[in-house]
Amino acid sequence: MKPKHRLLLLCGLILCLVLICSGCSQKGDSSLHGAEGKKNGTRPNAPHVYVPEASGTALIGSSPLTLDISHIDQGYLMALYDGSAAKAVVQITGPDGITYKYFISAQDQHVTLPPDSRKRLIHSGGI
């Protein structure tokens, strides 16, 4: 390799090294560090937990198995089983023919079920 090419290659490597080492540092931005960052404000980090609820505005079925679909647009429905059998099953069949079964054993309290599609036919029955 010619000396001129070696010199250009060496200068290019040094330039790349300098750009890589100094590319992410900005001396004027201290919003993420130290007391001055607290003056600029911080993002809130308090968790917000969404708790499913059975509001009862849209119900399917009746005792012993009632389905509350009031919040199906938010991705869940609530089931309430108050029968005498040990378990109840909720079977949800989608328009594609896939069937999902949810077994409910908690009596006299609502259970949250996650339907995978909003357009489903809902069938319910006891075991």
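## Starting at I60

In β2, I60 has L67 as its bridge partner. This comes from a predicted model, so treat what follows as a reading of that prediction. I60 itself sits in strand β1.

How does I60 count in terms of exposure? At 32% relative accessibility it lands in the partly exposed class, because that class covers values between the 20% cut-off for buried and the 50% cut-off for exposed. Looking further along the chain, A79 is 19 residues away from I60, and the C-alpha atoms of these two are separated by 9.5 Å.

## The four-stranded sheet

The I60–L67 pair is part of a wider link: β1 and β2 (residues 65–68) run antiparallel and are joined by 4 bridges. Zoom out and you get an open sheet of 4 strands, ordered β1-β2-β3-β6, with antiparallel pairing. Which strands sit at the edges? They are β1 (59–62) and β6 (110–113), each pairing on one side only. Ignoring direction, neighbouring strands of this sheet are turned by 20° against each other on average.

As a bit of background, strands of a sheet pair through backbone hydrogen bonds, and that can happen in parallel or antiparallel fashion. Side chains in a regular strand alternate between the two faces of the sheet.

## The β4 and β5 pair

Now over to β4, which covers residues 88–93. Is this strand enclosed or open? Of its 6 residues, 5 are buried, so the rest of the structure largely encloses β4. The reasoning leans on the burial cut-off, which is under 20% relative accessible area.

For its partner, look at β5 (residues 99–104): 6 bridges join β4 to β5, and the two run antiparallel. One residue pair to pick out in the viewer is Q91 with its bridge partner in β5, K101.

## The whole chain

Stepping back, the protein has 2 helices and 7 strands. Reading along the sequence, the pattern is α-α-β-β-β-β-β-β-β, with the helices coming before the strands.

How much of the protein is buried? Of its 127 residues, 19% are. The exposed area comes to about 9900 Å², and carbon and sulfur atoms supply 59% of that. As for contacts, take those between residues at least 6 apart in sequence: 44% of them join residues at least 24 apart.

Notes:
Residues numbered from 1 in each chain as written. Predicted model: local features only at pLDDT ≥ 70, side-chain atom pairs only at ≥ 80, totals over all residues. Heavy atoms only, no water. Pairing = 2+ DSSP bridges. Axes fitted to C-alpha atoms, helices over the stretch in contact; angles between N-to-C directions. Buried < 20%, exposed > 50% of the residue type's maximum accessible area, 1.4 Å probe, protein only. Contact = heavy atoms within 4.5 Å. Areas by Shrake-Rupley, 256 points an atom, 1.4 Å probe, with all protein chains shown as cover.
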